[in-house]
Structure formats: structure tokens, C-alpha cells
Amino acid sequence: MRRKETYMQTQGVLQHFYDNEVEKRRLKYLLLLEDFFQASKDKLADDFRMSFQKICQQLKQQQTLQQKGPIAHITFSMLRTELLESNPHYLVEATDEEWFFDIHPLLTTYDAGWAHHFLEQYIEELSLYSKTFMGAITQADIDRIRLQDAKHFHQYVISLARYALPDIIRCPEYLALDRDVAVEIRVGEFMDMNEVVYSEDFSAKDSEEIKAWLDEQLEEEYPYEVFSHLNLAGGRYEGLDIRYAFFHKANLTNCHMRECLLIGTSFRESQLMDTDLSFSTIYETDFSNSQLQGANFQQVQGASGLLDRQKWEIPGYLPVRFTGANLEGANFELANLRGASFMGANVRNTNFAGANLEMAIFSKEAQEYVKLDPFQAASVIWK
């Protein structure tokens, strides 16, 4: 009976520790990581590029020696066993179409210490504070918290890969590789869940078949799909969930895409002239170097950063990218685009009436002709 009472008391202390100490300290360090990531993402992307280029060089060497076939998968995996040893290195596996059954994968590592440094600080603070509970909180309890909460800090590695890869995959080292017709780059946990952060697919696809498939308005079928190099012009795609899909160099001219879920979708170098994207959710969407003349972005939601700093659910959104895009005559009335990048974009005759452009980035050259109200002009960044 006494053993049961002791167990119940210990469980009560643990629950108190979780409810009153763990959550607030986790939030503290996730917010510190959030601020560091948003301020340093370009430097982190440069470091990621160098690491990725070395991986590609190793792969090319193996291919030159005929030790490796066409690459189909590159996977970055967090190793929980290593985290217990405070080792932030991710396992990187480059494999052919057999993926995990590739008998000769390239194995190397990526140092994610920039993110897991904050996890270590968080765990160290928890560990020190746990000693005030007179042994009721054990090292095993602290290790369990480390493993449970590592996934939150790991999310920033995924965000960095999404941010960096669209530019990295144009580097000579990657382009020199013998690649399969379809390539996926993923970030996740070893032998567990992972996410596609970049995908390309050069297999033959019939544009009319894909349009008919999209017209079916299916649920959970389109996220992460590759629609690159397709002619999908004139389609009616209202309300579709197309999160993290890839539309590189696609023709989406004069499409109906109101109220679509487009989080993280890539429209790089695509044609969206006169396309209606009004009321869509476009957090982290990439329209770089696209043709968007006359496109309708009325009341889209795409602000960068955290939606609520009082609670942390996912990393703050990366800026929407209109870098180098042609936005002449586009409509952004009442759009929420805090932090968006319009560097090098053509914004002549673009309607920004009532739009939230706080910390949005514009080229200094556009200052002469872009039409912003006094509040907007004072809140944007001119580069």
C-alpha cells in the first residue's frame, strides 16, 4: 500500500513538473530558436548549401567509379539515439530507386547543431531545475522529455531545407549528378516519418489527364505532388488543397484558384497571368520569376512569422516569395503579406490597397513607381 502511495505521489510530482515547468521552458527556447532562425536563415541556408554540395560531390565520385546508379532519394534523418548523447548530426542517405533497399547507399552526416543547441539549453535548464524536486524527477524522466520534445526543434531543420533547396538544386554539383526520372529529398526521423522538402519528376504526364484529375476535387490527393512543366491553363481548381506541391514552369494562365490551400507550394518560373487566387492561403508559397500579370491575390493570407507567440505549434512561416516576378496589374487588395519578398519584381500598376506589407522587401528601383500609401511605404524595407 505504501509503495502504491509513493508511486502516486511521484506521478503527481511529474505531472506538476510537466504542467508548470516543462511547457513554459519549452516555449521559451522554441521562441529563441524561432527568432534566431528567422534572423539567420540566409546564413544557415548558405551552410546547408555547402553541406549539400559536398554530398553531391561524393555521389558524383561514386557514380564516376560506377559504384552508384542514378539518384532517386536523398534523406536527412534525425537520430534519437544520438540526441541522447547530445550529438546533433543527422544521417544523410543517398539511394537509387530502391530507396531503403539500396544495398550501396551513400551514408554521410549533416550537422544540425544550430537547431539542437536550443534543445540542449532547454534540457540543461530543466535538468538543473529538476534537482529541486529531491530526486522525484530522474534522469530517465529528463531523457524522455528530450526525446519527446526533439521533434519540435527538428521542425526547424525541415523549414531550413524547404527554404534553401529551391536555389541549391540549381548548383552545378547537383545538376552534374546522374539522377533518376524522379527525385525526392526528404527530412525526417530515421526509419520513421519524413517529409518531402523537394521533388522533381520528369516522367511523361498528359496535361489533360492531370487537369481531369484535379477537376475531381479529391481530398488529400494533391499535396506534395509534382505538376511541373504541365499546361494546366484555364482550369477550375477552386478550394483545392495543394500544399507543398511543385508547379515549376507550369502554365496556369487564367485559372480559377480561389480559396485554395497553397502553403509551401512552388510556382517558380510559372505562368499565372490573369489567374484568380483570391482568398487563398499562401503561407511560404514561392512565385519567384513567375509571370503574374493581372493575377488576383485579393485578401490572400500569407504573413511570415508566428501567428501567435503565446503558444508554439509549428515554426513561423517563411516569407512568401515574389522575387523577380512580373506582377504588373496584379491585385493585392487587403492581402496579408507581412515579410513577403518583392525583390526584383515588376510592381508597376500593382494594386496594394489596404494590404499588410509590414517588413515586406522591395527593390529600391521600385520606389519610383510602386503605389503604396504612406503607412505602407514606411513599413516596408527598401533594398
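# Reading a mixed sheet and its helices

Modeller: Let us start with S4 and S5, two antiparallel strands that seven bridges join; the model in front of us is a predicted one. In this pair, Arg186 has Val196 of S5 standing opposite.

Colleague: How should I read the pairing of strands, and what order do the five strands of the open sheet have?

Modeller: Strands of a sheet pair through backbone hydrogen bonds, and the pairing is either parallel or antiparallel. Here the open sheet of five strands follows the order S3-S2-S1-S4-S5, and its pairing is mixed. The edges are taken by strand S3 (106-111) and strand S5 (194-201), each of which has a single partner strand, so one side of each is left without a neighbour in the sheet. On average, and with direction ignored, neighbouring strands are turned by 15° against each other.

Colleague: In which sense do S1 and S4 pair, and over how many bridges?

Modeller: Seven bridges link S1 and S4, and the sense is parallel; within this pair, Met78 has Glu189 in S4 as its bridge partner. Strand S1 (residues 71-78) is also joined to strand S2 (residues 89-95), in this case by five bridges and in an antiparallel arrangement, with Phe76 standing opposite Val92 in S2. S2 in turn pairs with S3 over six bridges, again in the antiparallel sense, and there Glu93 faces Leu107 in S3 across the pairing.

Colleague: How do the side chains along S3 divide between the faces?

Modeller: In a regular strand the side chains alternate between the two faces of the sheet. S3 shows such an alternation, since Leu106, Thr108 and Tyr110 point to one face and are buried, while Leu107, Thr109 and Asp111 point to the other face and are not buried.

Colleague: Is Thr75 buried or exposed, and which residues does Thr75 touch?

Modeller: Thr75 belongs to strand S1. Its relative accessible area is 2%, which lies under the 20% cut-off, and therefore Thr75 counts as buried. Leaving aside residues up to four places away in sequence, Thr75 touches Leu91, Val92, Glu93, Trp99, Arg186 and Asn194.

Colleague: How should I describe two packed helices, and at what angle do H3 and H4 pack?

Modeller: Two packed helices are described by the angle between their axes and the distance between the axes. For helix H3 (residues 113-130) and helix H4 (residues 139-168) the angle is about 155°, and the axes are 9 Å apart. Angles over 145 degrees count as roughly antiparallel, and H3 and H4 are therefore roughly antiparallel to each other. Their crossing is right-handed. By class, the contact of H3 with H4 consists of 14 nonpolar, five polar and three charged residues. Among the residues that meet are Trp114, Phe118, Leu119, Tyr122 and Ile123 on the H3 side, and Ile142, Ile145, Phe153, Tyr156 and Val157 on the H4 side.

Colleague: Which strands does H4 lie across?

Modeller: H4 lies across S1, S2, S3, strand S4 (179-189) and S5, and runs at about 15° to S5.

Colleague: What is the sign of phi at Gln217, and near what value does this angle lie?

Modeller: Most residues other than glycine have a negative phi, and most peptide bonds are trans. Gln217 has a positive phi, near 55°, and is found in the loop between helix H6 (207-215) and strand S6 (341-342); with a relative accessibility of 36%, Gln217 counts as partly exposed. Asn254 likewise has a positive phi near 55° and lies in the loop between H6 and S6, where its relative accessibility of 44% makes Asn254 partly exposed. A further case is Met191, which takes a positive phi near 55° in the hairpin of S4 and S5, where four residues stand between the strands.

Colleague: Where does Phe332 lie, and is Phe332 buried or exposed?

Modeller: Phe332 is in the loop between H6 and S6, and with a relative accessible area of 0% Phe332 is buried. Residues up to four places away in sequence not being counted, Phe332 touches Phe297, Phe322, Leu327, Leu337, Phe342, Thr350, Asn351, Phe352, Ala353 and Ala355. From Glu184, Phe332 is 148 residues apart in sequence and 33 Å apart in space, taken C-alpha to C-alpha.

Conventions. Residues are numbered from 1 along each chain as its sequence is written. This is a predicted model: local features need pLDDT of at least 70, side-chain atom pairs count only at pLDDT 80 or more; totals for chains, interfaces and linings use all residues. Side-chain values use heavy atoms; hydrogens and water are left out. Axes are lines fitted to C-alpha atoms, for helices over the stretch in contact, and angles run from 0 to 180 degrees between N-to-C directions. Angles under 35 degrees count as roughly parallel, over 145 as roughly antiparallel, 65 to 115 as roughly perpendicular and the rest as oblique. A crossing is left-handed if the near helix is turned anticlockwise from the far one by less than a right angle, and right-handed if clockwise. Contact means heavy atoms within 4.5 Å. Ala, Val, Leu, Ile, Met, Phe, Trp, Tyr, Cys and Pro count as nonpolar, Asp, Glu, Lys and Arg as charged, and the others, Gly among them, as polar. Buried means under 20% relative accessible area, exposed over 50%, partly exposed in between (1.4 Å probe, protein chains only). Two strands pair if DSSP finds at least two bridges between them.
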